[in-house]
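Visitor: I have not looked at this chain before. Could you take me through it by question and answer?

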Amino acid sequence: MVTKEDVEKVVKEVVDEKFIRSIEVDENGNVTVTLSRDTPDIDNVLIKLHSEIGKLEGVGIITINRERETKETGEKVELTKELILEKLKEVIDPEIGLDVVNLGLIYDLQIRPDNTVYVKMTMTTPGCPLTMWILRAVEDKILEIPGVKDAEIELTFDPPWSPDMISPEYKKKLGLY
């Protein structure tokens, strides 16, 4: 069984201790690491942490968070699925060059009563090397929307992604039909 000490050792090898906010390991070996919002080179840190923690014996689910920047704006924006999906069209899969919405990666989107936005999404392949980067980009875009309290991103591969999930408009652009 993995211990908190094991995880702390790995995390401190990857990121400077001053950027570590918390490390938790539950009885099932699930690991949650929270880093400072201003952690430098965050994309590479996320990928490296996920990889290195995953090598530890007995690790379950790995969750790596960043501190939330909470700010109250005077803006009153009505949160809608359409508004959020439009914002998510700004997240482009760098390998394919299409946004996550038109690529068909977003399976479900819910706005909870407390203005937390829940997104269930997938990647084009389980081995996608940019998974952590894309998930973070989706979370960041959602959190840019005034009135959003938090973002919960769930990654799934059920059902697996296929080119059939690309929007009809983009299928035509790509010459897929």
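Visitor: In the hairpin of strand 4 and strand 5, which residue takes a positive phi?
Guide: This is a predicted model. The hairpin of strand 4 and strand 5 has four residues between the strands. Most residues other than glycine have a negative phi. One residue in the hairpin has a positive phi of about 70° although it is not a glycine, and that residue is Asn115.

Visitor: Is Asn115 buried, partly exposed or exposed?
Guide: Asn115 lies in the loop between strand 4 (106-111) and strand 5 (116-121). Buried means under 20% relative accessible area and exposed means over 50%. Asn115 has a relative accessibility of 28%, so it counts as partly exposed.

Visitor: In which sense do strand 4 and strand 5 pair?
Guide: Strands of a sheet pair through backbone hydrogen bonds, either parallel or antiparallel. In the pairing of strand 4 with strand 5, Asp108 has Lys120 as its bridge partner. The two strands are joined over five bridges, and the sense is antiparallel.

Visitor: Which residue in strand 6 does Lys120 stand opposite?
Guide: Strand 5 also pairs with strand 6, in the parallel sense and over six bridges. Lys120, the partner of Asp108 in the pairing with strand 4, has a residue opposite it in strand 6 as well: Glu154.

Visitor: How many of the six residues of strand 5 are buried?
Guide: A residue counts as buried under 20% relative accessible area. Strand 5 is mostly covered, and its number of buried residues is five.

Visitor: Which helix makes a β-α-β unit with strand 5 and strand 6?
Guide: Strand 5 and strand 6 are a parallel pair. Together with one helix they make a right-handed β-α-β unit, and the helix is helix 4.

Visitor: Which residues does Gly147 touch, not counting residues up to four places away in sequence?
Guide: Gly147 has its place in the loop between helix 4 (131-143) and strand 6. With a relative accessible area of 40%, Gly147 is partly exposed. The C-alpha atoms of Gly147 and Thr116 are separated by 9.2 Å, although the two residues are 31 apart along the chain. The residues that Gly147 touches are Leu79 and Asn115.

Visitor: Which peptide bond is cis, with omega near 5°?
Guide: Most peptide bonds are trans. The cis bond leads into Pro159, a residue found in the loop between strand 6 (150-155) and helix 5 (168-174). With omega near 5°, it is the bond from Asp158 to Pro159.

Visitor: What is the order of the strands in the open sheet of three strands?
Guide: The pairing in this sheet is mixed. Strand 1 (20-25) and strand 3 stand at the edges with a single partner strand each, so one side of each has no neighbour in the sheet. Neighbouring strands are turned by 10° against each other on average, direction ignored. The order is 1-2-3.

Visitor: Which strands of the sheet does helix 1 touch?
Guide: Helix 1 (residues 4-14) packs on the sheet. Its direction makes about 145° with that of strand 1. The strands it touches are strand 1 and strand 2.

Visitor: Which residue in strand 3 is the bridge partner of Val33?
Guide: Strand 2 (residues 31-35) and strand 3 pair in the parallel sense over five bridges. Strand 2, helix 2 (residues 42-54) and strand 3 make a right-handed β-α-β unit. Val31 has Ile62 as its partner in strand 3, and for Val33 the partner is Ile64.

Visitor: Which residues form the uncovered face of strand 3?
Guide: Strand 3 (residues 62-66) has two faces, one covered and one uncovered. Ile62, Ile64 and Arg66 belong to the covered face. The uncovered face is Thr63 and Asn65.

Visitor: What is the radius of gyration of the chain?
Guide: The chain has five helices and six strands. For 177 residues the globule rule gives 16 Å, and the value for this chain is close to that, so the chain is as compact as a globular protein of that length. The radius of gyration is 18 Å.

Visitor: What percentage of the residues of the chain count as buried?
Guide: The chain exposes about 10200 Å², of which carbon and sulfur atoms supply 48%. Of its 177 residues, the buried part is 38%.

Methods: Residues numbered from 1 in each chain as written. Predicted model: local features only at pLDDT ≥ 70, side-chain atom pairs only at ≥ 80, totals over all residues. Heavy atoms only, no water. Buried < 20%, exposed > 50% of the residue type's maximum accessible area, 1.4 Å probe, protein only. Pairing = 2+ DSSP bridges. Right-handed = clockwise from strand over helix to strand, strands pointing away. Rg over C-alpha atoms; globule rule 2.2 N^0.38 Å. Areas by Shrake-Rupley, 256 points an atom, 1.4 Å probe, with all protein chains shown as cover. Axes fitted to C-alpha atoms, helices over the stretch in contact; angles between N-to-C directions. Contact = heavy atoms within 4.5 Å.
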